[in-house]
Structure formats: structure tokens, C-alpha cells
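This briefing concerns the nonpolar core, the ligand shell and one helix of the structure shown below.

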Amino acid sequence: MVNEVIAYLRCRSLAGETSLDDVALGDAVGKPGNEQAVESSRRKRHKSGQAAAAASNAIEVKPDAVFVDGTLGTAGHTLAMLRAHPTCRVVAFDRDAESMEFARRRLAAENVAERVTMVQGDFRHAASLLQPYFENRKVGADGRPITRIDGALIDAGMSLYQVTWPERGLSFRGDAPLDMRYDRTQEISAFDLVNRLSTSDLEDLLFKFTDERWARRIAANITAQRHSSPIRTTGELVSLIEAAIPIGVRRQSRVHPATKTFAALRLAVNDELWALDQGARALSSVLATTARLVILTYSSNEDRTVKRTFRRLAGRTEDGNISRSHRKRKPGRPSPGSWDSRTARSSLTFSLALPTDSDEPTGGVQPEGEGASVLSGTPGFGTTWGMKIVTSKPVVPTDEEIANNPLARSCKLRAIEKYLI
Ligand SMILES: C[S@@+](CC[C@H](N)C(=O)[O-])C[C@H]1O[C@@H](n2cnc3c(N)ncnc32)[C@H](O)[C@@H]1O
């Protein structure tokens, strides 16, 4: 989806690459299978290709643009932005210090490090993390601070680098400590959730975060086991999950039986669904007018969260109606932004609430939002702004991309754009 990300951020397409339309059309053809499916895939992908091509043909970004990569990872997307737009600069965040070190070496080897400023931190805090660079601190090696943000990206979840690093405990293959934290200075890890949540909270977590059908049985197995000794490793957890799922079901399934449990724990440990909701709002607030936020997700719950958050930011409810954007929250009901995950977790009175449609919109029409208060002197702030949805349907990868990178199979791209009211 790198091409689509670049197109939706409105950089030029990567030099020398096939046009988005060609890729979109070409890969749906000539594959074995039913012709109707190929035709429907062709139509769907043609549409997504056209949309991306149209996006790339829209306003060209200015030469010295500044982009925010909210999730640097191993710098794949940052590199694509730098290559697509040879004079742009990138400010890149990641919660994971070790991934950032890897990215630093990669960017240096590619001779582009001087155009990138890396800041270890959570994209939810984009406004405060960016503040020094707006005021006086230069971005990149060219001695200039930022005056505006021309686009932002969130590529949600974990990177291949993190999954294949056994010590992180993100993979259900092999045996590693139950960790799963992106930021390894964070207090709570998967070990704490697995060993300290009540049976019903564990069940809720598995069911709500990844729709795990066997949530009750898995939770019961976990709590039965920890009466005798704590569950310390991914291998021990996998055995308990396997024992909870009937053998016939396991044999028929194409995915590993621990897939959903591991994903649910990872989402919870890193507070990822709330991060998407709050991060989309924070990054929207720091964008300049006409700039876009692009988000890539890899699971239905993440995509649903982004879809809902974008609809709220655009002032619409789930059914597409204009919402009563200033309605009062019922007394006693926590706002998503006010949930203090760290406090909640340290006592493990863990909140399983997820972002919903009915959470109060906090986007454009309220310039005193997180970013505006910090960056009130910068373009796009101090003025009333709104967000409009660019992708009415999510953009999905082409068959060719999936063939090259099977992990991209479930990827969905959504984009939103800022405007002045
Ligand atoms: C899918 S990977 C990004 C891969 C990257 N786009 C690339 O091309 O290499 C997601 C990265 O985001 C980081 N991450 C996850 N949640 C984050 C958050 N709330 N703030 C900052 N970084 C986050 C993870 O540590 C991980 O390195």
C-alpha cells in the first residue's frame, strides 16, 4: 500500500513505478477462479486504483513539505515519502526505541537521515511532541523549524521486525516471555493481563477486541492454570489456548488457534484502539489546511475504530447523518480522551471500553482541541476548521501486493482532509 499512501498524502507517485490504475487492473486478471469474482475484484480494485490516482493528481504538495510519520517502524513509509518528494522533511514518531534505532541505521545507509527527525513517543501526543519543532528546533539538518504539517500517516499495529524478535513475545511461534509492549519502559505487559485480570475480564477482552469465539473457554483455562503457577511464556499460553479449542475446529481452521488471543492481548497491552481514536484527533489538529491524515489498519476492529473516528471528526454519525456535535455528555460517562490507561492498568481495574459512535465529536469545530491550544500560532490553528472524509470506502491492496507481502492481505487505508470553515 506504499503507492496508495503516497498518493493519498498527495506526493507524486514513485518515479518509474507502474501507474496505480495499471497495478489495480492488472492483478485482478489471469488468476484462477470464478470469472464473476475476478470481474467484481477488477471493478473494486479499479475503483480503488482510480481513487488513488485521482488523489495523486490533486493539489501537488509544496517542495519543502513536512510530513509526520506517526509510526516510523523500520522506516519503509518514511523512506517512500522522502523518495517520492526529494525536498520534503519528515518528523517520525515511534513508541519503540529499538525499532527507531534500526530505522536510524537504515535511513543513514540510504543517505536521507538529514531530512528526518525522529522523536520517541506516542502519536497521540503529536501536538506536544511537535511543539518544539514549530517554535525553534530545526527539523532535519537544514536549520529550519516547521511552519506547517502537510500530511500525516499512521500505519497501525506492529512491524515484522517486532514480531520476528522473539524476546518481544508478539509471536505465537516459539517460546518467549509474555511481553508484547511496544514501549518497553511501559509498566504493564501481557504477563500482567494474563495473570491478573479476572476470568470475566479476560473473556470480555478476547471477545471485544478480536471476536474470539472461544473466549470463555480460553479465559477459563488461563485462570485454572494460574491457580497453580503464573503463566510466564507465549508457549505456555499457546498450549492453554489450544486445549480450549476443540480439535476438529483447530484442524479445519486455516489460521493458528492463538491468532485472535495474541492480537487481543497486543491491542490491549498497547491500548491500540484508543490510540487510533485519540491519535486521529491529535494528528488532525496539527495538520495544515488541505493536508491529509492517512491511516492503515490490519484488522476489522481497528478499521471500524478509524471509520467511526473519521465519521465523528467529519461531524457525521455512523448512519451518515450530521451529528449534534455539541451535545452534552451524560454526567458520569467517561470521555475517550479522559481515560487514563496507566492509572486504570496499574491497579488492573482494566477498562474494556472501546471507542464507539456515540462518543462526543471533538474534531474540527472546536479549535481549542489538543493541538490548537499548543500550536495556536501556526497555520490551520486558531481558526475554525473541519475534516472531510476522502475515502468513502477503504482502499484495499491489490492481489500483486498481497502476493508480494501476504501480511498486507487485511490492510485497509482510509484518509481524511482538513479544511477551513
Ligand atoms: C506497522 S509498524 C509501522 C511500519 C512502518 N510504516 C514501516 O514502513 O516500516 C507500526 C509501528 O508503530 C509503532 N506504534 C504503535 N503504536 C504507536 C503509537 N501509539 N505511537 C507511536 N508509535 C506506535 C510500533 O512500535 C511499530 O513500530
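Val5 and Leu283 touch the most other members of the largest nonpolar core, which has 100 residues. Such a core is a set of buried Ala, Val, Leu, Ile, Met, Phe, Trp, Tyr and Cys residues joined through C-beta atoms within 7 Å; buried means that 20 or more other C-beta atoms lie within 10 Å of the residue's own, exposed that 12 or fewer do, with C-beta atoms placed from the backbone. The model is predicted: local features need pLDDT of at least 70, side-chain atom pairs count only at pLDDT 80 or more, and totals for chains, interfaces and linings use all residues. Residues are numbered from 1 along each chain as its sequence is written.

**Core**
- Helix 14 gives the most to this core, with eight residues; helices are DSSP runs of H or I with at least four residues, and strands are runs of E with at least two, numbered from the N terminus.
- Domain 1 (2-157 + 272-420) and domain 2 (173-269) both contribute residues, so the core lies between them; the bounds come from an automatic or database domain assignment.

**Ligand shell**
- Among the 23 residues around the ligand (C-beta atom within 6 Å of it), Thr71, Gly73, Gly76, Asp155 and Tyr182 come nearest.
- Helix 4 (76-84), strand 2 (89-94) and helix 14 (272-286) each give two or more residues to the shell.

**Helix 10 (residues 215-228)**
- Ala215, Ile218, Ala219, Asn221 and Ile222 are its buried residues.
- Seen down the axis of helix 10, these fall within an arc of 160°, taken from the directions from the axis to the C-beta atoms, so they line one face.
- Ala224, His227 and Ser228, on the other side of helix 10, are exposed.
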